[in-house]
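Student: I would like to go through the pockets and side-chain contacts of this model one at a time. Please give the cut-offs as we go.

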Amino acid sequence: MKIKILCLFLLPLFATAQKDAYLFSYFVKNGEDGLHFAYSTDGLTWQALKEGKSFLQPMIGKDKLMRDPCIYQDKSGTFHMVWTSGWWDKIVGYASSKDLVNWSEQKAISVMEHEPTAKNSWAPEIAYDKKSKLFLIFWATTIPGRHKDVADSEKEKGLNHRMYYVTTPDFKTFSETKMYFNPDFSVIDATIFEKGNDYYMFLKNENPKPAEKNIRITQAKSALGPFPTQVSAPITGDYWAEGPTVIQVGEYVYVYFDKYTQHKYGAVRSKDLKTWEDVSDKVTFPEGIRHGTAFKVSPSLLGSLRKL
């Protein structure tokens with residue numbers, strides 16, 4: 001009888017421990033306070049870890065910021081993170097970790113310093129291309145006069161972005177910087193989502209006039225592309241959205257984004273990546289959360305982080 005009671009007692013604990021676990025890396029304010037994490041087990045309710053305190057302070061760049069933290073876990077279990085180190089830097093930040101608590105020395109990856117007139121290097125992201133077995137780091141940069149002009153860009157500090165990238169096998173050596181995505185509109189905040197044999201790029205159309213400020217999709221067979229510059233219609237609604245990040249939760253693909261003029265987060269979801277349902281009224285996030293990355297982790301890792 002005692003054994004049966006013990007088994008019945010442990011069963012719900014075991015079931016709870018096996019729940020899917022997701023993390024969301026983000027920044028607050030201007031990024032001066034470094035790396036923050038929220039967690040979820042259902043993709044809808046996100047709660048701050050460590051009472052909203054920072055996990056890592058920024059140490060590099062002119063402004064020493066840690067904006068737009070993107071985290072990717074490789075097959076060995078190592079987490080690689082890149083971030084925007086400053087508004088007008090030509091570098092991106094990089095660090096790695098095995099447990100998301102203890103981090104390697106932060107280093108600056110020189111991605112646009114070879115371009116004298118490049119204005120910035122914004123919102124870097126990481127993807128992995130199975131065919132070439134290379135990691136990609138990609139980001140948005142404005143190089144004046146390099147791309148087709150867009151109406152009213154001067155009112156946005158002359159910014160007219162396109163996506164650039166480097167490849168790396170090990171985050172120690174890097175290729176030359178190359179053009180990644182060059183549509184006929186200003187584009188920022190691209191992220192890659194792999195599903196089946198396809199790679200989906202979710203991106204922000206940044207055109208100011210007429211104002212777009214929405215999330216769209218393009219699709220390719222390789223993370224290296226080429227991605228068609230004829231993109232989908234907006235998948236977000238009648239509001240300004242940026243910083244998309246994408247995860248699979250059960251049967252749904254969720255796209256989370258910053259409704260930055262409304263100072264809150266929103267989301268859309270889909271079962272087929274074609275028909276999208278706005279579920280902004282169903283998601284909750286920590287107050288003050290800004291652009292980051294959602295990714296799946298082991299329940300045991302989440303359990304460790306929740307004890308901090």
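**Pockets and contacts**

Student: How do the residues of the lining of the second largest pocket divide into nonpolar, polar and charged?

Tutor: On a 1 Å grid over the protein atoms alone, where a 1.4 Å probe fits, a pocket is an open set of points with protein on both sides within 12 Å along at least five of seven lines, and its lining residues have an atom within 4 Å of a point. Ala, Val, Leu, Ile, Met, Phe, Trp, Tyr, Cys and Pro count as nonpolar, Asp, Glu, Lys and Arg as charged, and the others, Gly among them, as polar. On that split, the lining of the second largest pocket has nine nonpolar, four polar and ten charged residues.

Student: What kind of model is this, and which pLDDT limits apply?

Tutor: Residue numbers start from 1 along each chain as its sequence is written, and side-chain values use heavy atoms, with hydrogens and water left out. The model is predicted: totals for chains, interfaces and linings use all residues, side-chain atom pairs count only at pLDDT 80 or more, and local features need pLDDT of at least 70.

Student: How much space lies in the second largest pocket, and which residues are closest to its centre?

Tutor: A volume is the space filled by probe spheres set on the grid points, which are joined across faces, edges and corners. For the second largest pocket this is about 480 Å³. Its lining has 23 residues, and those closest to the centre are Trp87, Trp122, Ile188, Glu206 and Glu242.

Student: Which strand gives the most to the lining of the largest pocket?

Tutor: The largest pocket has a volume of about 720 Å³ and is lined by 27 residues, by class 15 nonpolar, five polar and seven charged. Strands are DSSP runs (E, at least two residues) numbered from the N terminus. S4 (67-73), S8 (122-129), S12 (187-195), S15 (242-249) and S19 (290-297) each supply at least two residues of the lining of the largest pocket. With five residues, the strand that gives the most is S12.

Student: How far apart are the closest N and O atoms of Lys204 and Glu242, and how far apart are the two residues along the chain?

Tutor: A salt bridge is a side-chain nitrogen of Lys or Arg within 4 Å of a carboxyl oxygen of Asp or Glu, and the structure holds twelve. Lys204 and Glu242 form one of these, with the closest N and O atoms 3.0 Å apart. Lys204 lies in S13 (residues 198-205) and Glu242 in S15, so the separation along the chain is 38 residues.

Student: Are Lys204 and Glu242 buried or exposed?

Tutor: Buried means under 20% relative accessible area, exposed over 50%, and partly exposed in between (1.4 Å probe, protein chains only). Lys204 is at 0%. Glu242 is at 16%, so both residues count as buried.

Student: How many residues apart in sequence are the parts tied together by Glu251 and Lys271?

Tutor: The two residues form a salt bridge whose closest N and O atoms are 3.5 Å apart. Glu251 lies in the loop between S15 and S16 (252-259), and Lys271 in the loop between S17 (264-270) and S18 (277-278), so the separation in sequence is 20 residues.

Student: Which residues are joined into one network by salt bridges that share partners?

Tutor: Take first a separate pair: Arg269 and Glu277 form a salt bridge at 3.0 Å between the closest N and O atoms. Arg269 counts as buried at 12% relative accessibility, whereas Glu277 at 32% counts as partly exposed. The network itself consists of Lys204, Glu206, Lys213 and Glu242.

Student: Why is the pair Tyr94 and Phe171 given its class, and what is that class?

Tutor: Rings of Phe, Tyr and Trp (its six-membered ring) pair if their centres lie within 6.5 Å, and planes under 30 degrees apart count as stacked, over 60 as edge-to-face and the rest as tilted. The structure holds 24 aromatic pairs. The centres of the Tyr94 and Phe171 rings are 5.1 Å apart and their planes are at 10 degrees, so the class is stacked.

Student: Which class does the pair of Phe135 and Phe171 fall in?

Tutor: Phe135 is buried at 9% relative accessible area, and Phe171 is buried at 1%. Their ring centres are 4.9 Å apart and their planes are at 45 degrees, so the pair is tilted.

Terms used: Helices (H or I, at least four residues) and strands (E, at least two) are DSSP runs, numbered from the N terminus.
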